[in-house]
Amino acid sequence: MPKQATTPAKTRPRQPRSGGIVSSSHLVSPRSVELSEFEFGLIVAWNAFSRWCIRCMAAAGCPDLTITDVLLLHNLCHRVRGKKLADIGFMLNYEDTHVVAYSLKKLVAGGLAQAEKVGKEVFYSPTPQGEAFVQQYRAVREQCLVQSLDTELNADIGELARLLRTMSGMYDQAARAATSL
């Protein structure tokens, strides 16, 4: 049987891995089935995380909040200092400040946040009631999520968090590039 000529691995076109779990098979390319798998995992994880945050806050006694409301309330409690709308949006990577403004208005109207005008700027902070709900959220989180976490995974979770921040930068850069097309 004659030997077939083989191309060195570095120059051989890469075939997509079979068996990749993806949501959009039409986007899978020979260059990176892993990226399609990552995107599907990100979609599923984001939806699970959103559902968790909303239900955890409801279990803490504060139902009827959206994922944006929950994230903003947590952000307001972070570092215990007033924050400007633009800074909140920037930190959480919300491009549309109207979404942040609407959520902040809901939190203020619900007695979970307060707005204080200092000069021309408005600073938002949690109310004592908002802080109490966040503390209760923490207790529910400890009971339902943290207790079931295998602490041996903590290093892997930290690596994954760094990867997600890196990938978010790549997606932001790609979005800027796509906008210029």
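User: What makes β1 and β3 a pair in this predicted model?

Analyst: In this predicted model, β1 and β3 are joined over two bridges in the antiparallel sense, and since two strands count as paired when there are at least two bridges between them, the criterion is met. Within β3, Phe 123 is the residue that stands opposite Lys 84.

User: How do you know which strands are the edge strands of the sheet?

Analyst: The open sheet is formed by three strands in the order β1-β3-β2, with antiparallel pairing. The strands β1 (83–84) and β2 each pair on one side only, and that is what makes them the edge strands. The pairing of β2 (residues 113–118) with β3 (residues 121–126) rests on six bridges, against a requirement of at least two; Ala 115, for instance, has Tyr 124 in β3 as its bridge partner. The hairpin of these two strands leaves two residues between them, and Gly 119 takes a positive phi near 65° there.

User: Why are α2 and α4 called roughly perpendicular?

Analyst: Helix α2 (residues 67–77) packs against helix α4 (residues 97–109) at an angle of about 75°, and their axes are 9 Å apart. Angles from 65 to 115 degrees count as roughly perpendicular, and α2 and α4 are therefore described in that way. On the α2 side the contact includes Leu 72, Leu 73 and Leu 76, which meet residues of α4 including Val 100, Leu 104 and Leu 107. By class, the residues of this contact divide into seven nonpolar, two polar and two charged.

User: Which residues have the most contacts inside the largest nonpolar core, and which helix gives the most to it?

Analyst: That core has 23 residues, and those with the most contacts inside it are Met 57, Leu 65, Leu 76, Leu 104, Leu 107, Leu 112 and Tyr 137. At least two residues each come from α1 (33–59), α2, α4 and α5 (128–144), with α2 giving the most, namely six. Leaving aside neighbours within four places in sequence, Leu 76 is in contact with residues including Ile 88, Leu 104, Leu 107, Ala 113 and Tyr 124.

User: Why is Cys 144 called partly exposed?

Analyst: Cys 144, which is found in helix α5, has a relative accessible area of 45%. Buried would require a value under 20% and exposed one over 50%, so Cys 144 is classed as partly exposed. The C-alpha atoms of Cys 144 and Cys 56 are separated by 8.7 Å, although these residues are 88 residues apart along the chain.

Technical notes:
Residues are numbered from 1 along each chain as its sequence is written. This is a predicted model: local features need pLDDT of at least 70, side-chain atom pairs count only at pLDDT 80 or more; totals for chains, interfaces and linings use all residues. Side-chain values use heavy atoms; hydrogens and water are left out. Axes are lines fitted to C-alpha atoms, for helices over the stretch in contact, and angles run from 0 to 180 degrees between N-to-C directions. Helices (H or I, at least four residues) and strands (E, at least two) are DSSP runs, numbered from the N terminus. Angles under 35 degrees count as roughly parallel, over 145 as roughly antiparallel, 65 to 115 as roughly perpendicular and the rest as oblique. Contact means heavy atoms within 4.5 Å. Ala, Val, Leu, Ile, Met, Phe, Trp, Tyr, Cys and Pro count as nonpolar, Asp, Glu, Lys and Arg as charged, and the others, Gly among them, as polar. A nonpolar core is a set of buried Ala, Val, Leu, Ile, Met, Phe, Trp, Tyr and Cys residues joined through side-chain atoms within 4.5 Å. Buried means under 20% relative accessible area, exposed over 50%, partly exposed in between (1.4 Å probe, protein chains only).
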